[in-house]
Amino acid sequence: MKPITEKKAERSTNVRVETAAMDALMVRLFDTIDESNMAWVIAADQALRNAFGSMLIDLVPSYTTLLLHYDCQQLTHSEAIQLIHKALSGLTPVDTQAGELHDIPVWYDESVGPELPLVAKRAGLSIDELIEQHCNHDYCVFALGFAPGYGFMGLVDEALATPRLKTPRRKVAAGSVGIADRQTAIYPLLSPGGWNILGRTNVPLFEHAKRGEPLFRPGDKVRFRAISREEFEADGGDTTPMEERP
Amino acid sequence: MSQAAMNETQKGLVVKQAGPLALIQDVGRFGVGHLGVTQGGAADWISFRWANWLLGNALNSAALEIVMGGGLSFETEREVRLALSGADLDVQLDGKPLAPNTSFKLLPGQRLEFRQPRQGLRAYLAFPGGLNAPEVLGSRACTVREQLGGLDEDGKPLKVGDRLTWKGAAPAVRRIPEDQGPQMPASGCRLPIVLGSQIASFSGRALFQAFNQPWTVDNRADRMGVRLTGPALHGSLTGIISEGIPLGAVQVPPDGQPIVLMNDRQTIGGYPRLGALTPIACAALAQCLPGTEVWLTPVSASQAQEDYRKQLMVWKK
């Protein structure tokens, strides 16, 4: 990784602000997904929240961008653009070591993770080796979205990268842990979805989001840990197989 | 609880028959997009506000959004003045027709029924002081997919036996001036769109087609998104790195058929976009029945803001 000072000079001139809607602007910082982005995206998130204060309606950070929805009764479009540039000039990255590390116990099993064999076969691994590989990395939380508390995490090892299912499932159980391309994530609640499902966790994501306190925040790290069916059940985990759900 | 044991304020409007979709809504849930929580809120926010205005309510008071009607009916347990705005869903009070965009009195035992759309798609029913419902993350908006909001905080639409109660007592009796009030879109409805995002990635031909021919509202339309059908639009991008999605975003998936993302949209997504409909256009689109022809009409952000402020001024008089 390059020293941070060098990156700062390189990045701070690179903020692009695009019109997204009548009262929303897209702040574009990067063109590719990289774990080192997060130090800048989080810093920009804080700087914009401070600069806009009560003029901010919503701010949604993602992998390379922040979508800023401002109050157009207080600011014009051009005033908002100016305020963004002012807030982000001389931005310094936050210390991403400060992000929390979450330990997520997962029961990896074909009954609740029907794509285990598919992902393993594509990677040329046994199922045990696949599980070991998926657990063998601290994943960065890039963004929250799609559903309350849903964290987009990555990047999974290139060998495990698997495209989304051709036809999404109508119902993916809450707690399902899946892979799509080089991303990995946990479904917070029962929802449709096309990710390759490897297992299930009993860690609540939705209840946290419902209280406004998501378990994950962008910049956090997540480590999956394989547990047995007994441990999963003892923890109150729902062992109903994926395909048998009503 | 027996009716005799109830005191007056516990009495309310009881659901006798559930229609296809009746949801408690306010203006929506803001400041929580970074949690992955959708905005929600009344899809036709203009009619929603008129309904509250008719009773002299705060304009963000929780009201009912009723889609299609479909036989949804209520019986009241106590006298109340309610207001109705938005679509004409052939509403009847004890079998007698009620005009949309008016307030009316309901006496104990009387029955209110929402039948079928005659003009528009979504009606709003406002209650004195607003409906009683728990606030979740700063809003009473009911979002089904996220299981948030509504009477029991589980995002469920109204069902038979639900009892609606309200916060206020004697409401104002107001009439909407003749030249104002909600307009239900006719065919050929213009939808102002603020261009932006990945507009340059679309071919010249695609841009010409986008803005110079009518689009048809598809039956794949709900509170999350409305699909428009017409000639396929193509550009140099098929997908992009997932990024935040504003209200009204017109995204174009690989099949070239645009989808307008509405109140219950997912917070981030990865299809290229032409731009975003203005909030006023979103309100109009929310009233378009499948088959309606609509035109995308580019407008500048500053013009859109001026139109928006003008709309807000109407309720301040």
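Across all chains, a search of the whole structure turns up 25 salt bridges. Keep in mind that this is a predicted model. Three of the bridges in chain B are set out here.

| Salt bridge | Closest N to O distance |
|---|---|
| B:R140 and B:E135 | 3.3 Å |
| B:K159 and B:D162 | 3.2 Å |
| B:D218 and B:R220 | 2.6 Å |

How exposed are the charged partners? B:R140 is buried, at a relative accessible area of 18%, and B:D218 is buried too, at 13%. The pair of B:K159 and B:D162 is mixed: B:K159 comes out as partly exposed at 41% relative accessibility, while B:D162 counts as buried at 11%. There's also a salt-bridge network, which links A:E18, A:R28, B:E243 and B:R273.

On to the rings. The same kind of whole-structure search gives 17 aromatic pairs over all chains. One of them joins A:Y150 and A:Y187, an edge-to-face pair with 5.5 Å between centres and 80° between planes. What parts of chain A does this pair link? A:Y150 sits in the loop between β6 (139-144) and β7 (151-154), A:Y187 in the loop between β10 (183-186) and β11 (191-193), so distant parts of the chain, 37 residues apart, are brought into a pair. Both tyrosines are buried. The two tyrosines also belong to a cluster linked by ring pairs, together with A:Y63, A:F142, A:F146, A:F152 and A:W195.

Chain B has its own edge-to-face pair, B:W50 and B:W53. Their ring centres are 5.2 Å apart and their planes meet at 85°; planes over 60 degrees apart count as edge-to-face, so that label fits here. Both tryptophans lie in helix α1 (residues 45-54) of chain B, 3 residues apart, which puts about one helical turn between them. In general, an α-helix has 3.6 residues a turn, so residues three or four places apart point the same way. B:W50 is buried at 2% relative accessibility, and B:W53 is buried at 10%. B:W53 has another partner as well: the charged end of B:R174 sits over its ring, 4.8 Å from the centre.

Finally, take a look at helix α4 (residues 301-314) of chain B. Its 14 residues span 20 Å from first C-alpha to last, close to the 20 Å expected at 1.5 Å a residue. Buried residues in this helix include B:A301, B:A304, B:Y308 and B:L312. What do the buried residues of α4(B) pack against? On the chain A side there are β4 (65-70) and α3 (77-88), and from chain B come α1, β12 (189-195) and α3 (279-285).

Conventions. Residues numbered from 1 in each chain as written. Chains lettered and ligands numbered in written order. Predicted model: local features only at pLDDT ≥ 70, side-chain atom pairs only at ≥ 80, totals over all residues. Heavy atoms only, no water. Phe/Tyr/Trp six-rings, centres within 6.5 Å; stacked < 30°, edge-to-face > 60°. Helix = DSSP H or I, 4+ residues; strand = E, 2+ residues; numbered from the N terminus. Buried < 20%, exposed > 50% of the residue type's maximum accessible area, 1.4 Å probe, protein only. Lys NZ or Arg CZ within 6 Å of the ring centre and 35° of its normal. Expected span 1.5 Å × (residues − 1). Contact = heavy atoms within 4.5 Å. Salt bridge = Lys/Arg side-chain N within 4 Å of Asp/Glu carboxyl O.
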